[in-house]
Amino acid sequence: MTARILLVDDSEGGRRVLEAKLTSEYYQVATAANGPEALALAATNHPDIILLDVVMPGMDGLDVCRALKADPELRHIPVVLITAHDSQDLRIAGLEAGADEFLSKPIDDVMLFARLRSLTRLKVMVDELQEREETGRRMGMAPMPANRLGAGGGRVLVADGDPAVAAALAEDLASEHRPVVETDPEQALISARGPIDLAVINVSSGAFDGLRLVAGLRAGAHSRQVPILAVADFEDRPRLLKALDLGVNDLISWPVDPLELRVRARTLIRRKRYADHLRDTVAQSMELAVTDQLTGLNNRRYMMGQLDLLLERSAAGGPPTSVVMLDIDHFKRVNDTLGHSQGDEVLREVAVRLASSVRAVDLPCRYGGEEFAVVMPATRLSDAVRIAERIRRAMAGEAFFVGDREMPVTVSLGVSASEGTEDRPESLLRRADEALYEAKAAGRNQVVVRTPRA
């Protein structure tokens, strides 16, 4: 998986060497020699990953990282800090500035490309979710306030075969988070089915196979999106690389520094909450696209798609599909007399009674204005007529309460069913609509049937 990388280093020689390595692995590379140039390129090119030297004259790498993370358009680009003077204090400062990872000079090529693959997967996922969120935003969905995305601690699964080590990790996390300790891999998988914000797994534990637990979490439907922070012996290169390949989100070396553990956990949980927010927004946008916002019923667009599928099955020898169209009688009088807000109350009550009168398999929809439709899978015409009559009685049987007044409301209904292999949604709906207008012409508050041969 390739990516667009912005390489920032004040040393021309260092830039050229690393650029050559990245280009040989088919990454697209842009370079910058200082902080301001890096910020300008990031704003115009929007790279997938930024490799950022820490020690630069003027604006150093930490300042650049803080500026990137303060920009709403750039804050989700993964940043890897590169330093020749690795220390615990520098790591903490970099993580608090928003960096995703550190690489020490001289750069280990295997670790470099392993981390790039991992961060590229993350960036692709976030980009896809952000694109879908933007679609929802154009449809009027309000984004979640940024201050809610990182608020509060999280529920953290701590998995280590050694109870003492697991307890020590949990104690380090307990000041900010709610740790759940598991020393058995199978029980850890069960715990991960609940609401978990982060899994901290010792993949170098001799008491159980931490890598198998990582694989199990990534394979589970309820746990594959949970971020994983792997505690690892950085001298055990094969295990380290295997952990990254299996989908570990971040690594921390053993023995663990408590402050670094808390900072990395905080970053991963904040990132997870943002991704969860994007997924929720996408789900809400999809629901908005198929739902009538006034009545809560499915809208015409959704109905047409479902009806098309059902008629294909009917044409292939499956059972018939029936449709009921209904229109509120004299609805214009309601709007003219009581106002549109009261008319909306009538529409909502009609939707409630309609949904309560049909079967669980039926699809009640708002067709438009004061017209509604019910799609009935695997339903003969005679059965559809009985259901339509039940709907009519549900509307006319009890008066509607609109505001502080009581008023009678009736509906006229037209019914039709598919027949043969020629029916399409338009022809079936047209017959039901013709029957509906016959019902209105005949005096309203009644059911009329239209067959294909009528």
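Trainee: How much space lies in the second largest pocket of this model, and which residues are closest to its centre?

Mentor: In this predicted model, the second largest pocket holds about 380 Å³ of space. Its lining is made up of 19 residues, of which Leu122, Met125, Arg218, Gln225 and Asn249 are the closest to the centre.

Trainee: Which helices supply at least two residues of that lining, and which gives the largest share?

Mentor: Helix 5 (109-138) and helix 11 (258-290) each supply at least two residues of the lining, and the largest share, 6 residues, comes from helix 11.

Trainee: What is the make-up of the lining of the second largest pocket by class?

Mentor: The lining divides into 8 nonpolar, 4 polar and 7 charged residues.

Trainee: Turning to helix 14 and helix 15, why are they called oblique to each other?

Mentor: The axes of helix 14 (residues 340-357) and helix 15 (residues 381-397) come within 9 Å and cross at roughly 140°. Angles over 145 degrees count as roughly antiparallel and those from 65 to 115 as roughly perpendicular; the crossing angle of roughly 140° falls in neither class, and the two helices are therefore oblique to each other.

Trainee: What is the hand of this crossing, and which residues make the contact?

Mentor: The crossing of helix 14 and helix 15 is right-handed. Helix 14 contributes Val350, Arg353, Leu354 and Ser357 to the contact, while helix 15 contributes Ile387, Arg390, Ile391, Ala394 and Met395. By class, the residues of this contact comprise 6 nonpolar, 1 polar and 2 charged.

Note on methods: Residues are numbered from 1 along each chain as its sequence is written. This is a predicted model: local features need pLDDT of at least 70, side-chain atom pairs count only at pLDDT 80 or more; totals for chains, interfaces and linings use all residues. Side-chain values use heavy atoms; hydrogens and water are left out. On a 1 Å grid over the protein atoms alone, a cavity is a set of points where a 1.4 Å probe fits but cannot get out, and a pocket is an open set with protein on both sides within 12 Å along at least five of seven lines; lining residues have an atom within 4 Å of a point. Grid points are joined across faces, edges and corners, and a volume is the space filled by probe spheres set on the points. Helices (H or I, at least four residues) and strands (E, at least two) are DSSP runs, numbered from the N terminus. Ala, Val, Leu, Ile, Met, Phe, Trp, Tyr, Cys and Pro count as nonpolar, Asp, Glu, Lys and Arg as charged, and the others, Gly among them, as polar. Axes are lines fitted to C-alpha atoms, for helices over the stretch in contact, and angles run from 0 to 180 degrees between N-to-C directions. Angles under 35 degrees count as roughly parallel, over 145 as roughly antiparallel, 65 to 115 as roughly perpendicular and the rest as oblique. A crossing is left-handed if the near helix is turned anticlockwise from the far one by less than a right angle, and right-handed if clockwise. Contact means heavy atoms within 4.5 Å.
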